[in-house]
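Let's take a look at some aromatic rings and see how they sit together. Have the 3D view ready and follow along.

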Amino acid sequence: MVTAVRHLGPNWYASVMGTAIVATAGAGLPLPGLRTACTAVWALSLAMLLTLLAARTLHWTHHRDQARAHLLDPAMAPFYGCLAMALLAVGGGALVVGRDWIGLRAAVALDTVLFGAGTAVGLTAAVAVPYLMAVRHKVHPSQATPVWLLPVVAPMVSAALGPLLVPHLPPGQPRETLLLACFAMFGLSLLATLLMLPLVFARLVTGGPLPLALTPTLFLVLGPLGQSTTAVGKFADFAPGVVSAPYAQGFSLLAILYGVPVMGFALLWLGLATAVVRARRRGMRFTMTWWAFTFPVGTCVTGAESLAHHTGLAVYDGLAIVLYGVLVAAWATATVHTARGLLSGALLAGPRPAPVALRPVTARTT
């Protein structure tokens with residue numbers, strides 16, 4: 001077991017995120033019988049999180065050299081944002097659907113712990129990973145990929161899920177402090193994303209398609225778009241009675257005036273990313289980057305659900321249902337391939353050594 005986890009990177013937390021979002025996104029859809037299935041999926045995500053935390057603890061304990069190498073690898077370090085988002089996604093799912101099985105008190109306690117830990121890790125990653133990129137990694141603009149967004153998106157997940165805890169705090173300043181702290185993390189993540197996204201788009205336009213294994217990461221751009229739309233909707237839901245009336249009304253306006261155009265851009269990017277993936281699908285073998293098809297799409301589902309609630313438009317209900325179908329199909333595909341790769345050992349194997357070119361043999365002629 002100790003040897004098997006040597007090459008277990010932080011990118012594995014994406015599978016927990018992708019599973020948890022299936023549960024929380026489905027809970028908001030007006031489909032009969034879906035909530036029970038979503039609760040079961042949330043329980044699976046909790047089991048996955050606990051298993052992965054134990055395996056990563058072994059990794060850090062027995063393979064510290066490899067763990068340090070991941071931090072100093074510009075391709076791997078951004079995935080530490082996935083740890084924060086996995087903690088947050090499972091914690092938020094406890095309040096959304098997990099309470100049906102474990103009870104409200106246990107759900108609040110679990111979410112409090114996971115939200116606190118996830119937010120601390122997310123804020124640390126949002127500072128530490130860009131610092132390492134600037135000081136230690138020596139990256140070039142031609143290396144820009146959507147993976148760079150992962151550490152700066154983590155605080156946006158805190159912003160979207162933190163308001164769920166607001167009603168469980170004492171009235172007055174504790175509730176207002178948490179709500180405005182989430183709003184601050186919304187701004188932090190949004191502005192950081194606006195700094196990173198032009199680098200990614202410029203790389204696509206000037207440098208051509210991403211390497212085949214990284215092509216699915218184009219869907220990661222949907223994460224900050226869908227999650228920020230979800231966040232402003234949650235602010236509007238929980239602001240009444242927490243902040244004064246003019247500010248609560250302002251959050252309601254923000255939910256529509258911000259959410260509608262951002263969701264429009266998310267659909268534009270979804271079309272672009274889908275077109276690129278379809279053009280390059282031949283020869284695209286399964287890697288853990290396929291989990292990029294799940295969580296970002298799930299945030300668009302929750303964003304569409306929020307817009308349906310605040311605008312009253314049925315078109316957003318329809319959009320949420322269609323996107324949820326895409327999410328479930330992507331999750332099922334990634335889950336099957338991941339299970340198959342674990343059973344075969346291929347996903348936990350070390351990187352293959354580069355082939356060594358043989359020197360040409362010359363014969364002397366007389």
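## Trp269 and its partner

Start with Trp269: in this predicted model, its relative accessible area is just 3%. That makes Trp269 buried, because anything under 20% gets that label. Now find Phe265, which has 31% relative accessibility and so counts as partly exposed.

Where do these two sit? Both belong to helix H10, which covers residues 259-279. They are four residues apart there, so about one helical turn separates them. Their ring centres are 6.3 Å apart and the planes meet at 50°, so this pair is called tilted. The reason is that an angle counts as tilted when it is neither under 30 degrees nor over 60.

## A pair between two helices

Next up are Phe183 and Phe235, whose rings make an edge-to-face pair. Centre to centre they are 5.5 Å apart, with 80° between the planes. That angle is over 60, which is why the pair gets the edge-to-face name.

Phe183 is part of helix H7 (residues 173-207), while Phe235 is part of helix H8 (residues 222-238). The pair therefore ties together parts that are 52 residues apart in sequence.

Buried or exposed: what about Phe235? With a relative accessible area of 0%, Phe235 is buried. Phe183 comes out at 31%, so it is partly exposed.

## The wider picture

How many aromatic pairs does the structure hold? There are 11. Ring pairs also join Phe183 and Phe235 with Phe186, Phe251 and Tyr258 in a cluster.

Note on methods:
Residues numbered from 1 in each chain as written. Predicted model: local features only at pLDDT ≥ 70, side-chain atom pairs only at ≥ 80, totals over all residues. Heavy atoms only, no water. Phe/Tyr/Trp six-rings, centres within 6.5 Å; stacked < 30°, edge-to-face > 60°. Helix = DSSP H or I, 4+ residues; strand = E, 2+ residues; numbered from the N terminus. Buried < 20%, exposed > 50% of the residue type's maximum accessible area, 1.4 Å probe, protein only.
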